[in-house]
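Colleague: Could you take me through one part of this model up close, and then show me how that part sits in the whole? Keep it informal.

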Amino acid sequence: MSVTGRVHSIETCGTVDGPGIRFIIFLQGCLMRCQYCHNRDTWDTESGKETTVEELMSELLQYRNFMEASGGGITISGGEAMLQPEFVQAMFEACRLEGIHTCLDTNGFVRKIDETTKNILNSTDLVLLDIKQMDLKKHIALTHVSNKYTLEFAKYLQQHDQAVYLRYVVVPGITDDFADVHALGEFIKPMKNIEKIELLPYHELGKHKWIAMGEIYPLDGVSPPSRDTMTSIKSILEEYHPNVIF
């Protein structure tokens, strides 16, 4: 039986979610409730279009030349990709058979690292891991869930020497406290598997989705961080890791 997944959308020539030109599959469903979420419409786990691995592979392979020429590949994102683990495993295994680079974009909210999770990671060339906030209370205020599982997942990736790009969204008044940034640095300092840290400045590009769904945007009035703030946070993290970009 073909494995199906609930797909929110597809970007055929993405350039920011992993190296090179990437075929990005955004899956439906997420358990975090990030105040700055720019894909608010992905939260519902029952929405999206049911799509088979075969259908997606047929479309993906049309872009093989672009991906290979640029050092790109496939990225599975969300929502949260790890809410549909069987589908991710099947997609990545199919891509591996075709020699296509695989990238998992995840918030690390994996409550149990089981055989399916291990199989996914065995077929994953690169993990894009979002750590939202190191402080537990602040993390819960920002996402409505604990950071326990994300931090445990990060340690698991370290133990298995899984290649990681770490991502940290800088939100004024929420994630830009220098003490929290130092805490992140201390946490990742021993993680030699982290190839680089990507600092992502907060933006309001997803605000219209909240409004379209009849909801109040939680960060209305919050401006993007200044370049000075981004530079300062970059300098702090460079004390712990040599490759920090924004």
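**A close look at strand β5**

Modeller: Let's start with one cross-strand pair: Leu104 sits opposite Val127, a residue of β6. Keep in mind that this is a predicted model. The two strands behind that pair are β5, residues 101-106, and β6, residues 126-130, and they run parallel, joined over 4 bridges.

Now slide along to Thr106, which also belongs to β5. Is Thr106 buried or exposed? Its relative accessibility is 1%, and buried means under 20%, so Thr106 counts as buried. As for its surroundings, leaving aside residues up to four places away in sequence, Thr106 is in contact with Glu80, Met82, Val127, Leu128, Leu129, Asp130 and Phe153. Val127 turns up twice, then: it is a contact of Thr106, and it is the residue facing Leu104.

What lies across this bit of the sheet? That's helix α6, residues 148-159, which lies across β5, β6 and β7 (164-170). Its direction makes an angle of about 155 degrees with β6.

Stepping back, β5 and β6 belong to an open sheet of 9 strands with mixed pairing, and the order reads β3-β1-β2-β4-β5-β6-β7-β8-β9. The strands at the edges, each pairing on one side only, are β3 (49-52) and β9 (244-245). Overall the protein has 9 helices to go with its 9 strands.

There's also an annotation to lay over this: the unreviewed UniProt entry carries "domain: Radical SAM core" for residues 16-239. That span is 38% helix and 18% strand, and the C-alpha atoms at its two ends are 25 Å apart.

And the whole protein? A compact globule of 246 residues would have a radius of gyration near 18 Å, and the protein comes out at 18 Å, so the two agree. Its C-alpha trace spans about 50 × 45 × 35 Å along the principal axes. Of the 246 residues, 51% are buried, and Thr106 counts as buried too. Among contacts with a separation of 6 or more, 72% link residues 24 or more positions apart. On the outside, the accessible surface is about 11,300 Å², and carbon and sulfur atoms contribute 51% of that.

Note on methods:
Residues are numbered from 1 along each chain as its sequence is written. This is a predicted model: local features need pLDDT of at least 70, side-chain atom pairs count only at pLDDT 80 or more; totals for chains, interfaces and linings use all residues. Side-chain values use heavy atoms; hydrogens and water are left out. UniProt positions are given in the numbering used here, feature names are shortened, and annotations may be inferred rather than shown by experiment. Two strands pair if DSSP finds at least two bridges between them. Contact means heavy atoms within 4.5 Å. Axes are lines fitted to C-alpha atoms, for helices over the stretch in contact, and angles run from 0 to 180 degrees between N-to-C directions. The radius of gyration is taken over C-alpha atoms; the globule rule is 2.2 Å times the number of residues to the power 0.38. Buried means under 20% relative accessible area, exposed over 50%, partly exposed in between (1.4 Å probe, protein chains only). Accessible areas come from the Shrake-Rupley method with a 1.4 Å probe; for residues, only the protein chains shown count as cover.
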